[in-house]
Structure formats: C-alpha cells, structure tokens
Amino acid sequence: MAEWKNKRTGDVELVPRGVTPGFDTNPGKLRVESAYRLLTDKLEGAPAMIAQVAIRDVVNGRLFDDWFHSEFPKGEFPVLRLSDEAAQAIGARHRVAAINSGISWKQREKHPELKIEDYRILPELGEHPDFIVRQKATDGKGERVAVIRSSGKTYMAVVRAEKSGQATFVVSFRRSRDIDVQRLLRDGTVLYRKQGG
C-alpha cells in the first residue's frame, strides 16, 4: 500500500501500490448505488402525494423486484414516506425512508417468512398508517417511530433517522401481534391514530 494525496481536497488515503485512485472501485456497483440514492433524493424533493404514488409504483415494480431478489442487494431502496409530524419527532430532515443493503441482510436472517409481497405493503404503511408511535430506541441511539397498519395482517415498520438527519431508514419490518401493538401504544408516544383505531 502507498499513500496518495488528493490535490483537490488535501485528503490522504492508502491505495494499492501502482494503482491509480479511482481504479480500485467497481464503477458498475457505484453506478447502481448512486442510482438508488438519486431516486431517493428525487422522491424527497417531490410533493408528498406525488412521492407516495411514485414510491408505491417503484416498490410494486420490476426495479424493487430485481433489488429484493439480488443475492447481494446494493445501496438503498426507498420504500415509504413518513408524515411530516413523524419525521420531525425523530429529527429526520428526509421524509423518504429506505431499506439499505445491511438492513436487507438483517431482515432476511431475522424474518425469512416475509416475502416480497409483504415488503410491497411498506408504501401503504407510510400513506395510510393506523398508528404512528414514537419510542426510545433500545440500543440508546435516539428515538425512532413505529408505523403500524392492520389490513387482515398487522405490519410494523420501525424507522430511524441518521444522527445527521440527512437520511432516514427502515431499520426493522415485521408482522406483529395485537399484544405487541398494545404494548407499544402503552409505552410509546402516539403521534397518530386513525379515526376509529
């Protein structure tokens, strides 16, 4: 390895001796990851209703199908849009929440029973939740919101903002039991409850 100084930024990094910086990365991988990030950013800048419809379309389309079934999903995929109140409650500057590759792997391990059809419910959780509940994170990393929807089956997505507030992620998604929902409603702060819910 050899040190290389970026003349533009002044940063010094280690690169393999004889390899020009930039040639030690996979441009195809970076292009895919950048495309998903760009999609998330574009959805973030769109009016709420347009963003919600677009998220529903991409999650129900081939793009999400390819990402979900990839052996090694790359980057992050936008899956729901939080209400302004829910985003504010967790200090998120971005309303559009994504699942990233690390969370995707965790989900596959912890919830193998969930199929792509289950994940296609996520945009609906953002658009038409039955409850949104703010809760303290059990790992001490600030606060998060649980977005819950019951329509035959009860689903819960837990959403957290990065410390910087610059990105928002679904950190957990699962089917939930009524007893778990009742406990969450009792222990957390209810930000939204659907009328009649």
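# Exercises on salt bridges, a helix and empty spaces

The side chains of Arg174 and Asp180 form a salt bridge, at 3.9 Å from N to O. The model is predicted. Work through each exercise, then check the steps.

## Exercise 1: The Arg174 pair

Task: Decide how exposed Arg174 and Asp180 are, and find which residues share their salt-bridge network.

Solution:

- Step 1. Recall the cut-offs: buried is under 20% relative accessible area, exposed is over 50%, and partly exposed lies in between.
- Step 2. Arg174 has 25% relative accessibility, so Arg174 is partly exposed.
- Step 3. Asp180 has a relative accessible area of 13%, so Asp180 is buried.
- Step 4. Now widen the view. Salt bridges link Arg174, Arg177, Asp180 and Arg183 in a network.
- Step 5. Put this in context: the structure holds 14 salt bridges.

## Exercise 2: Two more salt bridges

Task: For the pairs Arg62–Asp66 and Asp84–Arg95, state where the partners lie and how exposed they are.

Solution:

- Step 1. Start with the principle. Side chains of opposite charge can pair when their charged atoms come close.
- Step 2. Take Arg62 and Asp66. Their salt bridge has an N to O distance of 2.9 Å.
- Step 3. Locate them. Both residues sit in helix α3 (residues 62-69), four residues apart, which is about one turn of the helix.
- Step 4. Use the helix rule. An α-helix has 3.6 residues a turn, so residues three or four places apart point the same way.
- Step 5. Check exposure. Arg62 counts as exposed at 63% relative accessibility. Asp66 counts as partly exposed at 41%.
- Step 6. Turn to Asp84 and Arg95. Their side chains meet at 3.1 Å, N to O. This pair links distant parts of the chain, eleven residues apart: Asp84 is in helix α4 (residues 84-89), and Arg95 is in the loop between α4 and β4 (96-100).
- Step 7. Check exposure again. Asp84 is partly exposed, at 45%. Arg95 is buried, at 19%.

## Exercise 3: The two faces of α2

Task: Find which residues of α2 are buried and which exposed residues lie on the face turned away from them.

Solution:

- Step 1. Get the outline. Helix α2 (residues 48-59) has twelve residues. Its first and last C-alpha atoms are 16 Å apart, close to the 16 Å expected at 1.5 Å a residue.
- Step 2. List the buried residues of α2: Ala51, Gln52, Ile55, Val58 and Val59.
- Step 3. Ask how they are arranged. These residues cover an arc of only 135° around the axis, so they lie on the same side of α2.
- Step 4. Look at the face turned away from the buried side. Met49, Ile50 and Asp57 are the exposed residues there.
- Step 5. Add Arg56, also placed in helix α2. Arg56 is partly exposed, with a relative accessible area of 28%.
- Step 6. Follow Arg56 through space. Arg56 and Pro123 are 67 residues apart along the chain, yet 5.4 Å separates their C-alpha atoms.

## Exercise 4: A strand residue and its distant partner

Task: Place Val147 in the structure and say how far Leu82 is from Val147 in sequence and in space.

Solution:

- Step 1. Val147 is in strand β6 (residues 143-151).
- Step 2. With a relative accessible area of 1%, Val147 is buried.
- Step 3. Leu82 is 65 residues from Val147 in sequence and 8.7 Å from Val147 in space, C-alpha to C-alpha.

## Exercise 5: A cavity and a pocket

Task: Describe the linings of the largest cavity and the second largest pocket.

Solution:

- Step 1. Count the cavities. The structure holds one cavity of 30 Å³ or more. The largest cavity has about 30 Å³ of space.
- Step 2. Find its lining. Among the lining residues are Arg37, Glu76, His94 and Phe169. α1 (27-45), β4 and β8 (168-175) each supply at least two residues.
- Step 3. Sort the cavity lining by class: four nonpolar, four polar and two charged residues.
- Step 4. Move to the second largest pocket, with a volume of about 160 Å³. Helix α8 gives the most to its lining, with four residues.
- Step 5. Sort the pocket lining: three nonpolar, two polar and five charged residues.
- Step 6. Return to the opening pair. Arg174 and Asp180 are among the residues that line the second largest pocket, and Arg183 of their salt-bridge network is in that lining too.

Conventions: Residues numbered from 1 in each chain as written. Predicted model: local features only at pLDDT ≥ 70, side-chain atom pairs only at ≥ 80, totals over all residues. Heavy atoms only, no water. Expected span 1.5 Å × (residues − 1). Buried < 20%, exposed > 50% of the residue type's maximum accessible area, 1.4 Å probe, protein only. Arc of directions from axis to C-beta. Salt bridge = Lys/Arg side-chain N within 4 Å of Asp/Glu carboxyl O. 1 Å grid on protein atoms, 1.4 Å probe; cavity = no way out; pocket = protein on both sides within 12 Å on 5 of 7 lines; lining within 4 Å. Points joined across faces, edges and corners; volume = space filled by probe spheres on them. Nonpolar A, V, L, I, M, F, W, Y, C, P; charged D, E, K, R; others polar.
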